[in-house]
Amino acid sequence: MLDAGSACSFRVNAYRFLKPKTTDGRSSMNHEKEIDTKQEVDDSGMVSGSRRKLLASIGLAGTALVAGSLWSAANVQGKRVTEGVYGAEEEGCCWPKVTIAELRSLSTAPAELYDVTDPGKEGVFRFDPADVSSADNTGLVIVSVTGARFKRIFQGAFNVKWFGAKGDNASDDTQSIQAAVDAAQNRGAVVYFPSSDFYLISSPILIDSSKRGIRLIGDDYNRRVHSSVIRPHASVTVSAPLEAIFKFTDTEVGNQFEFSNLDISGDNKTRYGIYSKKIAHSLFRRISIKGTTLAALAIGYGWCNDVETCEISYNRGDGIQFVDGEVNVFNVVNTKIFTNDGIGIYLSRKALGVRINGCNIEGNKVCGVFARNSIMPFDLSDNYFENNGSVGYSFANPERLVKAQIIINGTVVAATVGNTQPVSSIRIVNNFASLRDADCLVACYSAKLGLEIGNNSISRSSAPFKAYTLLRTGTSRTGMGAWVNNLKIYGNGVAYDETYASLANLQIEDLAAAKTHLHRAEIQGVARVNYSPGLGQFVPVTTGSGSFALSSATYRTYEAFELSGAANTSDWGFTIDLAQYPELASKYVYFAFYARASEASTGAAAYSSQLGPNTSAYFENTDWQLVSYVDLLPSSGTVSFGIRKLSVHATSLVYVAHPVLSEVGVPYEWY
């Protein structure tokens, strides 16, 4: 039989007296107070406190109510009134102790307060005679066989164990955790996972994107003991995997969610750790995600999301992946992303503002970071890269394997180089890269408004010696077209010593019959020398017809010459002897000049004896325009460069001015 005078627990769950509610569900007297789980919550999710604190939290009216209900039941002879109501601070009588089963089976007239003693579910519940509809969810509301509703008095976090979660590495806790999440979303509260063995689930924990944002927090992450781990139940199989551990409904953009101090393990039978196609203003902090098959953290359309001090490792797919829509203002800071079979951070969708700073990105087999689509700006700074790209990324158009720490492309077409959705304002600075299997630090095929690669260090700690490249890129002939504009390279080098590694600035692919923007590149240490003679010294370097003579036309302050006398003239130019200019041996150079057609269906081509003409197309108009051609000079011998007219009319003219032959790295405008 329940005794109203029996002793009550001295440690009360995080509590909040159920005051009258406003229409939006908040207390009419004050909002819930959020607790600091590290300082106020013990291992079972309890808040240390006394009955005096509990009654003080209820307030004056609540104290009178409780005092009235307890006075008649308590034996207070020989005691002061306050001592009879509150009980002694360390011992005394208060309200009945019951189990949840006993409270549900209660058929007599209920008392006002009950002290529930079930392990993990401890707490004080108050009878609410006005409530005839709330559902029993074990954690916050208990309904008796007579329909009486008893509601937990608490403040702060919703402990998943209140709702029946066991965390014993055997029980299926899906329904209990889901009940806690559902209840928390009704109030925008905190869901707390106290440290346990393992919380097992058999289906994704669904988070309603249309409801209030919540915080899902544990005690710690990535520890052997005293951590909060969620993983698949034994009933989940590799052939029938979980879609995700936590999955948003994505009915609209979810706002203000937080995951922190949690350990999420997919056990290689879970596609995603956390999956949301629509999320904003959310934080992923101090969480570990491992053992997923597609991506640990999948983020879609939204803005202002931060990944901070997390560990994303040992996944069979990617670490972080954009999965839908445009992802704006996305930050990854001080996070470890390592030993994933796919891409460390796969930015496969458009984004306005991506920042990756202070991260350890290591051992991701395809590559460390892959930006596939339009991103502006894009900042990678102060990171540590090590041995990403051991397997590499296989492009289908053009067919080639790229092994890089960072890959930047600009198209929605998978496995195809392109520049239709360019990445812009790229900054890759102050990074350290320990390389082994990769060939380069950066492979970039799309940089519309600029690519800055500065003050990065590479190292290789063991034999054999390997030559690395800082930047691998292409031309208009690479795939659907590669463009790197306003390139700046400075302050990069091999760290410690060069016993096992060397570092070249550039590897440029598909040079023949191609266009680039590399005449605008600025590379520290490249000598500012124009190796082209004046136009008056140009001679035919191929057989053909036509003439090349001084014109009355000018371009700015430069004199102009004109090509005439044939529809397609011979190439007029000069020859470079590398014995005379050994500093150009094995260097990338560009030959550039301004040209203007006298009429339509006429144009000019740059010529290299190694590559042939750079184009066969006519100019689109009769304005002055820059023609540029990049070539890789051999280690010895001679190479000729020239200019030819292209036209359907022998009577048309092409005017040319200001020729420059320079090593790539000195902008044309400097001459």
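**Exercise 1.** Which backbone nitrogen does the side chain of N159 reach? Place N159 in the fold and state its burial.

*Solution.* This is a predicted model.
- Step 1: locate the residue. N159 sits in strand β8, residues 158–159.
- Step 2: check its cover. The relative accessible area of N159 is 0%. The cut-off for buried is under 20%, so N159 is buried.
- Step 3: follow the side chain. It reaches the backbone nitrogen of K161, at 2.8 Å.

**Exercise 2.** Test the length of helix α6 against its expected span. Then find what covers its buried residues.

*Solution.*
- Step 1: count. Helix α6 runs over residues 174–185, twelve residues.
- Step 2: compute. The rule is 1.5 Å times one less than the number of residues. For α6 the expected span is therefore 16 Å.
- Step 3: compare. The end C-alpha atoms of α6 are 16 Å apart, which agrees.
- Step 4: assess burial. Nine of the twelve residues of α6 are buried, so the helix is mostly covered. The buried residues are T174, S176, I177, Q178, A180, V181, A183, A184 and Q185.
- Step 5: identify the cover. It includes β8, β9 (190–193), β10 (199–201), β11 (205–207) and β12 (215–218). Strand β8 is also where N159 is found.

**Exercise 3.** Which residues touch the most other members of the largest nonpolar core? Describe the surroundings of one of them.

*Solution.*
- Step 1: find the hubs. The largest nonpolar core has 105 residues, and F246 and F378 touch the most other members.
- Step 2: find the main contributor. Strand β17 (residues 283–308) gives the most to this core, seven residues.
- Step 3: list contacts of F246, leaving aside neighbours within four places in sequence. They are F193, I205, I207, L216, I230, F259, I264, G273, I274 and Y275.
- Step 4: look for a separate core. Another one, of 28 residues, lies apart; F574, F619, Y629 and V639 are among its members.
- Step 5: recall the general trend. In soluble globular proteins, nonpolar side chains tend to be buried together.

**Exercise 4.** What is the strand order in the open sheet of five strands? Trace one edge.

*Solution.*
- Step 1: read the order. It is β3-β4-β5-β7-β6, with mixed pairing.
- Step 2: name the edges. β3 (97–98) and β6 (141–143) each pair on one side only.
- Step 3: take the β3 edge. β3 pairs with β4 (residues 113–116) in the parallel sense, over two bridges.
- Step 4: pick a bridge. K97 has D115 of β4 as its partner.

**Exercise 5.** How many helices and strands does the chain have? Add the chain-wide burial.

*Solution.*
- Step 1: the chain has six helices and 52 strands.
- Step 2: of its 671 residues, 55% are buried.

Methods. Residues numbered from 1 in each chain as written. Predicted model: local features only at pLDDT ≥ 70, side-chain atom pairs only at ≥ 80, totals over all residues. Heavy atoms only, no water. Helix = DSSP H or I, 4+ residues; strand = E, 2+ residues; numbered from the N terminus. Buried < 20%, exposed > 50% of the residue type's maximum accessible area, 1.4 Å probe, protein only. Polar contact = N/O pair within 3.5 Å; in protein donor to acceptor, adjacent residues only side chain to side chain. Contact = heavy atoms within 4.5 Å. Core = buried A, V, L, I, M, F, W, Y, C linked by side-chain atoms within 4.5 Å. Pairing = 2+ DSSP bridges.
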